[in-house]
Amino acid sequence: MASDDSDDRPKRSWREIDQMREKSGHRRNERPTANPRLERTQAYRSYKTQLNKLFDGGGLPDVLKNKLAEKGIGNEAKRKKELASAISAANNSKQLQKTVSEYKESFSNLEDEEALATMLNSDNEKFVLAAIIDIDKLLSEGILKRGASLKARLKTAIMTLESPRIKEQAKELLDKL
């Protein structure tokens with residue numbers, strides 16, 4: 001019986017096999033690069049520099065800021081953040097009521113956890129209930145980050161407020177947290 005080693009073809013080394021694979025038209029590990037001349041231009045280098053700054057936390061390039069400003073995209077987020085900060089900084093119930101109502105007119109749910117904590121500390125049951133509803137929504141969406149600090153504030157709200165409805169909802173939320 002003849003063995004398979006009697007083949008007339010010369011044996012190739014693994015190195016030769018690998019080299020053939022690299023030259024093969026079927027195997028493309030690298031995606032085609034852009035025009036090499038384009039990559040040497042000043043505009044391309046500037047573009048890459050600005051892109052690196054963006055991803056390193058250096059902020060948006062001026063061109064992109066202007067385009068976003070034209071569309072009004074950044075203004076909404078900025079306004080949302082300002083109103084949430086105003087809620088967190090509210091000193092009294094009247095100021096809190098003003099800023100919360102202003103926020104709710106523009107945006108549906110409050111997502112800033114610090115502002116929600118401020119609302120939970122309020123003696124106004126309406127604000128506490130609104131905060132509980134917003135926290136529950138954030139929790140169900142998986143957005144809630146600082147659940148532990150909100151737990152303590154919920155426990156305080158349960159002890160200090162009179163409304164059985166709010167106490168019940170706060171206890172349900174505590175069980176979820």
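**Reading the helix packing in an all-helical model**

Guide: Let's start with one pair: helix 9 passes helix 10 in a left-handed crossing. Please keep in mind that we are looking at a predicted model.

Visitor: Happy to. How is a packed pair like this described in general?

Guide: Two packed helices are described by the angle between their axes and the distance between those axes. In this case, the axes of helix 9 and helix 10 come within 9 Å and cross at roughly 155 degrees.

Visitor: Why are helix 9 and helix 10 called parallel or antiparallel to each other?

Guide: The angle decides it, since over 145 degrees counts as roughly antiparallel. Helix 9 and helix 10, with axes crossing at roughly 155 degrees, are therefore roughly antiparallel to each other.

Visitor: Which residues make the contact between helix 9 and helix 10?

Guide: Helix 9 brings Lys151, Leu154, Lys155 and Ile158, and helix 10 brings Lys167, Ala170, Lys171, Leu173 and Leu174. By class, the residues of this contact of helix 9 with helix 10 are five nonpolar and four charged, with no polar ones.

Visitor: Lysine 155 is on that list. Is lysine 155 buried or exposed?

Guide: Lysine 155, in helix 9, is partly exposed, with a relative accessible area of 48%. A pair of separations is also worth reading here: lysine 155 and leucine 120 are 35 residues apart in sequence, while their C-alpha atoms are 9.8 Å apart in space.

Visitor: What does the angle say about helix 8 and helix 10?

Guide: Helix 8 and helix 10 pack at about 25 degrees, with their axes 10 Å apart. Angles under 35 degrees count as roughly parallel, and helix 8 and helix 10 are therefore roughly parallel to each other. Their crossing is left-handed.

Visitor: And which residues meet between helix 8 and helix 10?

Guide: From helix 8 come Glu125, Val128, Leu129, Ile132, Ile135, Asp136 and Leu139; from helix 10 come Arg165, Ile166, Gln169, Ala170, Leu173 and Lys176. This contact of helix 8 with helix 10 has eight nonpolar, one polar and four charged residues.

Visitor: Could we turn to the core? What is the general idea?

Guide: In soluble globular proteins, nonpolar side chains tend to be buried together. Here the largest nonpolar core has 31 residues, and the members touching the most others are Ile87, Leu110, Met119, Leu120 and Ile132. At least two residues of this core come from each of helix 5 (73-88), helix 6 (93-106), helix 7 (113-120), helix 8 (125-141), helix 9 (147-160) and helix 10 (164-176). Helix 8 gives the most, with seven residues.

Visitor: What does leucine 110 touch, leaving out residues up to four places away in sequence?

Guide: With those left out, leucine 110 touches Ala84, Ile87, Tyr103, Lys104, Ala115, Leu116, Met119, Asp134 and Leu138.

Visitor: Ile87 is on that list too. Which residue of helix 6 might we look at next?

Guide: Try threonine 99, which is found in helix 6. Threonine 99 has a relative accessible area of 9%, and under 20% counts as buried, so threonine 99 is buried. Beyond its neighbours within four places in sequence, threonine 99 is in contact with Ala86 and Ile87.

Visitor: Where is serine 88 found, and what does serine 88 touch?

Guide: Serine 88 is in helix 5. Not counting residues up to four places away in sequence, serine 88 touches Asp112, Glu114, Ala115 and Thr118. Its C-alpha atom is 8.1 Å from that of methionine 119, which is 31 residues apart from serine 88 along the chain.

Visitor: How many helices and strands are there in the protein chain?

Guide: There are 10 helices and zero strands. Of the 177 residues in the chain, 23% are buried. Among contacts with a separation of 6 or more, 52% link residues 24 or more positions apart.

Definitions and conventions:
Residues are numbered from 1 along each chain as its sequence is written. This is a predicted model: local features need pLDDT of at least 70, side-chain atom pairs count only at pLDDT 80 or more; totals for chains, interfaces and linings use all residues. Side-chain values use heavy atoms; hydrogens and water are left out. A nonpolar core is a set of buried Ala, Val, Leu, Ile, Met, Phe, Trp, Tyr and Cys residues joined through side-chain atoms within 4.5 Å. Buried means under 20% relative accessible area, exposed over 50%, partly exposed in between (1.4 Å probe, protein chains only). Helices (H or I, at least four residues) and strands (E, at least two) are DSSP runs, numbered from the N terminus. Contact means heavy atoms within 4.5 Å. Axes are lines fitted to C-alpha atoms, for helices over the stretch in contact, and angles run from 0 to 180 degrees between N-to-C directions. Angles under 35 degrees count as roughly parallel, over 145 as roughly antiparallel, 65 to 115 as roughly perpendicular and the rest as oblique. A crossing is left-handed if the near helix is turned anticlockwise from the far one by less than a right angle, and right-handed if clockwise. Ala, Val, Leu, Ile, Met, Phe, Trp, Tyr, Cys and Pro count as nonpolar, Asp, Glu, Lys and Arg as charged, and the others, Gly among them, as polar.
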